Amino acid sequence: MTAEPTRWHEPPVELSEQALPTPRPVAGCPECERLAALRRKAADRQDHSTVVDCNVLMRMHPTGHR
């Protein structure tokens with residue numbers, strides 16, 4: 001028994017190419033400083049995944065500043 005594959009009729013989703021600006025660490029915040037240092041080291045190794053992760057975490061960390 002063979003099932004017919006599902007066919008979708010909606011057009012493809014178009015994603016924006018607009019990038020978020022690189023977050024800057026807040027002076028005096030140890031978590032921002034830690035993430036900025038980790039991001040620099042990752043960038044030096046061309047570890048882009050970790051750079052993006054650090055950017056996300058810097059934007060969202062619990063102290064709430066942006």
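This report walks through helix α2 and the segment after it in a predicted model, looking at N55, V56 and H61 in turn.

## N55: tucked into the helix

Let's start with helix α2, which runs over residues 48–60 and holds N55. Is N55 buried or exposed? Its relative accessible area comes out at 11%, and the cut-off for buried is under 20%, so N55 counts as buried.

What does the N55 side chain pair up with? There's a polar contact between the side chains of N55 and R39, at 2.7 Å. R39 also turns up among the contacts of N55 once neighbours within four places in sequence are set aside, together with T22 and P23.

## V56 and the nonpolar patch

V56 sits in helix α2 too, but here the picture is one of partial cover. With a relative accessibility of 36%, V56 is classed as partly exposed, because that class lies between the 20% and 50% limits.

Which residues join V56 in a nonpolar surface patch? The partners are V52 and M60, and the three of them make a patch of about 290 Å².

## H61: just past the helix

Moving on, H61 belongs to the segment after α2. This residue is buried, because its relative accessible area is 6% and the limit for that label is under 20%.

As for what surrounds it, H61 is in contact with C29, E31 and C32, again leaving aside neighbours within four places in sequence.

## Pulling it together

So there are two buried spots to look at in the viewer, N55 at 11% and H61 at 6%, plus a partly exposed V56 that shares its surface patch with V52 and M60.

Notes. Residues are numbered from 1 along each chain as its sequence is written. This is a predicted model: local features need pLDDT of at least 70, side-chain atom pairs count only at pLDDT 80 or more; totals for chains, interfaces and linings use all residues. Side-chain values use heavy atoms; hydrogens and water are left out. Helices (H or I, at least four residues) and strands (E, at least two) are DSSP runs, numbered from the N terminus. Buried means under 20% relative accessible area, exposed over 50%, partly exposed in between (1.4 Å probe, protein chains only). A polar contact is a pair of N or O atoms within 3.5 Å; within protein, one must be able to donate a hydrogen and the other to accept it, and residues adjacent in sequence count only if both atoms are side-chain atoms. Contact means heavy atoms within 4.5 Å. Patches are made of residues with over 30% relative accessible area and no salt bridge: like charges are joined within 9 Å, nonpolar side chains (Val, Leu, Ile, Met, Phe, Trp, Tyr) within 5 Å. Accessible areas come from the Shrake-Rupley method with a 1.4 Å probe; for residues, only the protein chains shown count as cover. A salt bridge is a side-chain nitrogen of Lys or Arg within 4 Å of a carboxyl oxygen of Asp or Glu.
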